[in-house]
Amino acid sequence: MIAKVRGATILGVEGFLIDIEVDISRGLPGFEIVGLPDVAVRESRQRVRAAMNNSGFGFPLQRLTVNLAPADLRKSGPAFDLAIALGIMAACGTLEADLLEGVLVLGELSLDGSVRGVAGVLPMLLAAAEAGVPRALVPADNEEEAALVDQIEVGIVRHLVDAAAMLEGRSKFITPRPRDFDLETAVNSDLSEVRGQLTAKRALEIAAAGRHSLLLMGPPGCGKTLLARCLPGILPPLSFAEALEVAQIYSVAQGGRTPLRLSRSRPFRSPHHSSTVAGLIGGGANPEPGEITLAHHGVLFLDEVGEFRRTVLDVLRQPLEDGRVSLVRHGYSITYPARCQLILAANPCPCGFLGSSVKDCLCTGGELASYRRRLSGPLLDRIDLQVWMDGLQAHEFYSSAEPSAVVRERVMKAWEYLKAVDQGEAAIEVSKGAQGVLARAVEKFKLSARAVTRIQRVARTIAVLEGSREIDAHHLAEALTYRLSL
Ligand SMILES: [Zn+2]
């Protein structure tokens, strides 16, 4: 007797449906799982056997073969437990086999038969919805994620016994109410809280408008972190499709232990400088997305960038350019989305007060040289805007500041126009004056071709923010000011 049941797995941040076949035959009692299972899948044999015995269903003393198909797809995680248990019950006649038709089954089993939540329920349900699977059994722990997929009827289960009852019609599948999509964007910090720092705020607005990378350089306590935290609040809100993409990433991350996120505000991630390569770009034995992917469609903020290890910073460069991370594992590869905006903050020197008007720098020449070596490198070479922040002047304590909402209006207008330019529906000319300014700068500062491209792009954003359809000399001149000679 062969029974079939639907399960699903995750590759990268995408869900894939898996067909699980259970065959029971005469012969020496045994229990085998085939079809490229990893350690977690093999361990599920022990859990399935104990859960069935402890739930009163009993485990058949026959020859059991479980096949996971397609065989060439890597399968990981404990999400197959419940499906395998129900498949075995169907194969040995404890459960009617046709009750499993059209049902996606997700859940890890405890030894006592209770059902535990699994990572990646949201992408797995979306894959099922796309394939037209009408129903799913989902662990109670993952109920919130199920509510985001309104095309599927869901049976919320806490125990193997519930799952059987649900399939036999003794308790009901529900269509979860799609949760109201929060139109408000929760803001980390508001620009109205930032006193003074007009140049840095201007640079932040330009960075937001053109999705440029930005380095904030200044002594400790000058407000670099506060300013960086203001960035999500001046970026346009996420579309529903983007928010759902982000929610799928959080569904998969950290084995599903990350709280579900469905919000229109853009992610803001600020990993510690002790972060590892795997922590930043993803990886591990059971690969999981890293910080750069958790910042997808949002902001990756590296505070005290001088304290990060060079090797760690260097691996960020390629993913930031490509907008995705590609990891190669034994025999398979994984891609994670990573389209994020990079913001860096750094002290100008180890003591923090080089060039400060507040305090004198106490660093030795050797310390300064080695700090600069750490700051320069392939990643920092590619920062579009660099800006100096000093301590507050006395008169700035009482200055009023524009709230983020006002700045965001301007940023959203700029996004719209730049999108039209990218799609060829609008154009931006470069004036003769601007060309002259650039030519002189190239000669004077010995700018590389890459630096010239970056300056032109920043100048373009400045022009668009002003509502100009032409890059003028003063746009280019301003763009040239956002460069520190490190
Ligand atoms: Zn110093």
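This section describes a five-stranded sheet and helix α15 in a predicted model. Residues are numbered from 1 along each chain as its sequence is written. In this predicted model, local features need pLDDT of at least 70 and side-chain atom pairs count only at pLDDT 80 or more, whereas totals for chains, interfaces and linings use all residues.

Helices (H or I, at least four residues) and strands (E, at least two) are DSSP runs numbered from the N terminus. Five strands form an open sheet in the order β11-β12-β15-β10-β16, with parallel pairing; two strands pair if DSSP finds at least two bridges between them. At the edges lie β11 (268–269) and β16 (385–388), each of which pairs on one side only. Four bridges join β12 (residues 299–302) to β15 (residues 341–346) in the parallel sense. Leu302 has Leu344 of β15 as its bridge partner.

Helix α15 (residues 432–445) has 14 residues and an expected span of 20 Å, at 1.5 Å a residue, which agrees with the 20 Å between its end C-alpha atoms; the expected span is 1.5 Å times one less than the number of residues. Ala434, Val437 and Leu438 of α15 are buried. Because these residues cover an arc of only 95° around the axis, they lie on the same side of α15; the arc is that of the directions from the helix axis to the C-beta atoms. The face turned away from the buried side carries the exposed residues Lys432, Gly436, Ala439, Arg440 and Glu443. A residue is buried if 20 or more other C-beta atoms, placed from the backbone, lie within 10 Å of its own, exposed if 12 or fewer, and partly exposed in between. Just after α15, Lys446 takes a positive phi of about 50°.
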